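Please load the complex in your viewer and keep a selection panel and a confidence colouring at hand. The stops below are meant to be followed in order, each with a selection to make and a note of what is there.

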Amino acid sequence: MVLEQNGKELIEGCRRGEPDAFRALFETHRDMVYSIALRYSGDPAVAQDIAQDTFLKLFSAIGSFRGDSNFESWLYRTVVNTCFDQKRRTRRLTPLLDEVLSALRTPDLSVLDEVLRAEMSAHVRSVVDSLAPDQRMVVVLRYTQGLSYDEIAEILGCASGTIASRLNRAHKVLERRLSRLARKQQRGTQQRRISNG
Amino acid sequence: MAELWLERELARQLAPVAAPESLWDRVHRQQGRQQRRPVRRIALERAFWPVAVAMVLMAFAGVLRTLSVNRESDQLPEQALALFGRTSGDFDFRSNSFAETRAWVKAQADIDIDVPASRPAADRGAVRWLGTRIIRLHGLPVAAIDYRVGDQVATLFVSGKRAGLTGSAKASKHLFSRGRFVSWNMRSQTYAIALSGTQNSRGACLLCHATSPGVILME
């Protein structure tokens with residue numbers, strides 16, 4: 001997470017209020033910000049709100065950003081805090097149904113496979129949503145961004161051991177609740193191979 | 001460690017996604033709104049800060065003025081002492097009459113000399129007036145009147161009217177400095193008594209007070 005020279009120039013441009021610099025900084029980080037927001041909230045509409053708020057905070061506070069500190073860590077902290085600040089939304093069932101229905105409409109893949117996959121996706125989403133916010137954020141930063149324990153610890157401002165502990169607890173919950181579905185999915189895949197072979 | 005299938009599944013299900021193209025429009029639009037909104041806030045700030053600065057300056061000026069008044073009140077005896085030692089015996093007007101002295105000072109410097117008693121002790125023989133001169137302290141006319149109480153010689157200093165001092169006819173709290181000076185404010189003027197020599201300064205209080213030394217009673 002080392003800030004490149006062009007990144008520094010972008011930040012300087014933002015400090016000077018240059019619109020092109022804002023746009024370039026947005027383009028550089030928009031997927032990362034939106035991905036964390038979406039995986040944390042599970043709702044595209046909420047994710048867009050979070051991403052929007054994150055960038056607005058970023059643009060308004062970039063003047064106070066110290067050039068010698070780590071910009072990406074700062075950005076991560078901003079999006080993480082915005083996620084935590086986001087009011088808990090009523091979990092919507094519609095996206096989960098949409099995923100299953102869209103899978104049924106997919107013509108060139110095994111319907112059963114896709115239904116199971118969509119079911120698994122919905123369940124993962126559901127179980128991730130049920131995690132405590134601090135556990136959920138660790139899971140998102142780990143699996144959406146592929147960050148190390150140390151990097152997550154720096155962003156969340158806690159010890160690496162704490163991150164390991166949170167992730168371990170989250171894994172146990174996820175394993176317990178997803179293992180049955182995983183076995184079902186594996187059986188379905190094996191049966192399909194046998195019938196095809 | 002989590003089972004491999006779980007890690008794979010999480011990595012697959014929580015994989016990064018592309019942000020919608022419309023996100024920039026949302027951010028840009030909202031940023032524009034926020035930049036317009038601060039105009040009102042800036043306007044308020046523009047109105048607020050000068051007022052705040054003005055209020056702080058006024059408060060500061062008030063404090064300075066108060067300090068200045070207090071300092072002058074305290075400093076007058078010290079300055080008076082220096083003048084007293086330098087000019088003692090060199091009078092502009094000599095009279096043993098308080099009424100004449102008072103009239104001369106009023107005519108020369110427009111300074112009113114009020115002593116608490118309508119008939120000051122001087123007229124009762126306890127105080128003997130020696131002479132008067134007009135001096136200037138920081139551009140302010142000050143009457144310096146020497147008088148003798150017993151074997152002590154003291155000087156009464158009375159300033160012209162000064163802004164910021166109490167206009168009350170009642171003497172303010174007396175400030176004693178080094179046991180040889182006493183000053184007070186009254187009717188927007190500063191009064192001070194400086195004592196020469198090493199005697200007890202309370203003897204000089206007979207100018208205004210019936211008894212001395214010991215408990216000082218305002219008449």
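Begin by selecting residues 89-101 of chain A, where pLDDT (the predictor's confidence in each residue, from 0 to 100) stays under 50, and for which the model nevertheless has 13 contacts beyond four places in sequence, a contact being a pair of residues whose C-beta atoms, placed from the backbone, lie within 7 Å. Add residues 103-109 of chain A, another stretch under 50, with eight contacts beyond four places in sequence. Where pLDDT is low, the predicted coordinates should not be read in detail.

This is a predicted model, in which local features need pLDDT of at least 70 and side-chain atom pairs count only at pLDDT 80 or more, while totals for chains, interfaces and linings use all residues. Residues are numbered from 1 along each chain as its sequence is written, and chains are lettered from A and ligands numbered from 1 in the order in which they are written.

**Confidence across the complex**

Colour both chains by pLDDT: chain A has a mean of 79, with 72% of its residues at 70 or more, and chain B has a mean of 71, with 60% of its residues at 70 or more. Within chain B, helix H2 (residues 22-87) has the lowest mean among the elements, 62, and helix H3 (residues 98-109) the highest, 88. At residues 213-219 of chain B, pLDDT again stays under 50, and the model has 15 contacts there beyond four places in sequence. For the complex, the predictor gives an ipTM of 0.77 and a pTM of 0.50.

**Chain A and chain B in outline**

Now show the cartoon of chain A, which has nine helices and zero strands; helices (H or I, at least four residues) and strands (E, at least two) are DSSP runs numbered from the N terminus. Of the 197 residues in chain A, 31% are buried, that is, they have 20 or more other C-beta atoms within 10 Å of their own, whereas 12 or fewer makes a residue exposed and a count in between partly exposed, with C-beta atoms placed from the backbone. Switching to chain B, you will find three helices and six strands, in the order α-α-α-β-β-β-β-β-β along the sequence, and 28% of its 219 residues count as buried.

**The nonpolar cores**

Which residues have the most contacts inside the largest nonpolar core? Select Ala37(A) and Ala51(A), which hold that place in a core of 46 residues, where a nonpolar core is a set of buried Ala, Val, Leu, Ile, Met, Phe, Trp, Tyr and Cys residues joined through C-beta atoms within 7 Å. Helix H2 (residues 19-41) of chain A gives the most to this core, with nine residues. Domain 1 (5-85) and domain 2 (94-196) of chain A both give residues to this core, so it lies between them; the domain bounds come from an automatic or database domain assignment.

Centre on Ala51(A), which, leaving aside residues up to four places away in sequence, touches Val33(A), Tyr34(A) and Ala37(A) together with Ala19(B) and Leu23(B). A second, separate core has 29 residues, among them Phe98(B), Ala144(B), Leu156(B) and Ala194(B).

**Where the chains meet**

Next select the contact region, in which 27 residues of chain A meet 22 residues of chain B. On the side of chain A that touches chain B, the elements giving two or more residues are H2, helix H3 (44-61), helix H6 (111-130), helix H7 (133-143) and helix H9 (160-196) of chain A, and H2(A) gives the most, with eight residues.

**Individual residues**

In helix H1 (residues 4-13) of chain B, select Glu9(B), Leu10(B) and Gln13(B), which are buried. Seen down the axis of H1(B), the buried residues fall within an arc of 100 degrees, so they line one face of the helix, the arc being that of the directions from the helix axis to the C-beta atoms.

Is Arg169(A), in helix H9 of chain A, buried or partly exposed? Arg169(A) is partly exposed, with 14 other C-beta atoms within 10 Å, and its C-alpha atom is separated by 7.9 Å from that of Gln135(A), 34 residues apart along the chain.

Finish at Ser168(B), in the loop between strand S3 (152-159) and strand S4 (175-177) of chain B, which is exposed, with 11 other C-beta atoms within 10 Å.

Terms used
Two residues are in contact if their C-beta atoms, placed from the backbone, lie within 7 Å.
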